[in-house]
Every structure is written in C-alpha cells, then in structure tokens.
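Biologist: I'd like to learn how to read a fold from a model on the screen. Could you walk me through this one, feature by feature?

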Amino acid sequence: MNGDFNRTNNLDMSTDEPLSEIENPQTNQEVYQGSLRGVISRNLGVYVICEFLIGTNNIVVKDGILYASGNNYITLYQEDNNRYVLCDLYAIKFINFYDARSKPRNLRNVPTRMQP
C-alpha cells in the first residue's frame, strides 16, 4: 500500500470483521486486517505522531502524514520540511492519529521531540 492515500475523509480505526474472525482468524487477510499494519494501511494520508522506544528508556517522537506502510516500516511525510522519514515499525510504541490531512493548527507550534 505504498503511497496510496486513504481516500475517505475520516479515520478508519475499525476492522469491520466479526468477533469470531478477530479471535480465531482463518486466513492471512483476516490476520492482516486485525493487525497494527492493517490499521496503519487503512489510514494512509492522515496526520500522525509516532512515539518510538529506542534502547531501554529513550523515546523519540516523529510526526507527519502517514504516507506508506510495508511489512516492517512506515513512511511519514513531513510537510514543514518537505521530506519523507522512513520509520521502523517494530520500534513504535504509540501512534496518535488525527482526523486531519495536514498538521492540525493547534499543534503547529508544539515541538515534536518529547523527552522521556
């Protein structure tokens, strides 16, 4: 799903799967839809803030528009700097999803680097 933005105007945080498929998936597609990667791929094009655990106690925060996702990475587009940041999926601990296609105005002056 690389670079294929979510075409809806809303976040898609649900799996639209019956509880039986979530608890006992039978196919690879059912497993994928219920995974973190599934949630990420359904929400391409939205603004996110990701918190990464580096080492044992170092939190690094990256923000941007969720541009692409793969098996073990996500790509964020940082419009303020006109750059793409490739991020390790396995280091992500938290993802804050915003129902916006660009950095929300109330976050424009907030630094994206937080201390642990």
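Modeller: Let's start with what counts as pairing: two strands pair if DSSP finds at least two bridges between them. Keep in mind that this is a predicted model. Here, strand 2 and strand 3 pair in the antiparallel sense over 4 bridges, and a hairpin of 3 residues joins strand 2 to strand 3.

Biologist: What holds paired strands together in general, and how many bridges join strand 1 to strand 2?

Modeller: Strands of a sheet pair through backbone hydrogen bonds, in a parallel or an antiparallel way. In this chain, strand 1 and strand 2 (residues 58–69) run antiparallel and are joined by 8 bridges. To see one of them, find F52, whose bridge partner in strand 2 is V60. These two strands also form a hairpin, with 3 residues between them. In that turn, G55 has a positive phi of about 75 degrees.

Biologist: Which residue has a positive phi although it is not a glycine?

Modeller: That's N82, with a phi of about 50 degrees. Look for N82 in the loop between strand 3 and strand 4.

Biologist: Is N82 buried or exposed?

Modeller: The cut-off for exposed is over 50% relative accessible area. N82 counts as exposed because its relative accessibility is 58%.

Biologist: Okay, back up a bit. How do the elements run along the chain from the N terminus on?

Modeller: Read it as α-α-α-β-β-β-β-β. That comes to 3 helices and 5 strands.

Biologist: And in what order do the 5 strands sit in the open sheet?

Modeller: Sheet order needn't follow chain order, so to speak, and here it goes 4-3-2-1-5, with antiparallel pairing. Strand 4 and strand 5 stand at the edges; each has a single partner strand, so one side of each has no neighbour in the sheet. From one strand to the next, the twist averages 40 degrees.

Biologist: Can we zoom in on one residue within the sheet? Which residue stands opposite T75 in strand 3?

Modeller: It's A68. T75 counts as buried because its relative accessibility is 11%, and the cut-off for buried is under 20%. Setting aside neighbours within four places in sequence, T75 is in contact with I65, L66, Y67, A68, Y84, V85 and L86.

Biologist: Now the core. Which residues touch the most other members of the largest nonpolar core?

Modeller: Pick out V48, C50, L66, I74, L76, I95 and F97, from a core of 17 residues. At least two residues of this core come from each of helix 3 (36–42), strand 1 (47–54), strand 3 (73–78), strand 4 (83–88) and strand 5 (92–98).

Biologist: What about the chain as a whole: what share of the 116 residues is buried?

Modeller: Buried residues make up 38%. The accessible surface comes to about 7,400 Å², and 49% of it belongs to carbon and sulfur atoms. As for contacts between residues at least 6 apart in sequence, 54% join residues at least 24 apart.

Terms used. Residues numbered from 1 in each chain as written. Predicted model: local features only at pLDDT ≥ 70, side-chain atom pairs only at ≥ 80, totals over all residues. Heavy atoms only, no water. Core = buried A, V, L, I, M, F, W, Y, C linked by side-chain atoms within 4.5 Å. Buried < 20%, exposed > 50% of the residue type's maximum accessible area, 1.4 Å probe, protein only. Contact = heavy atoms within 4.5 Å. Areas by Shrake-Rupley, 256 points an atom, 1.4 Å probe, with all protein chains shown as cover. Axes fitted to C-alpha atoms, helices over the stretch in contact; angles between N-to-C directions.
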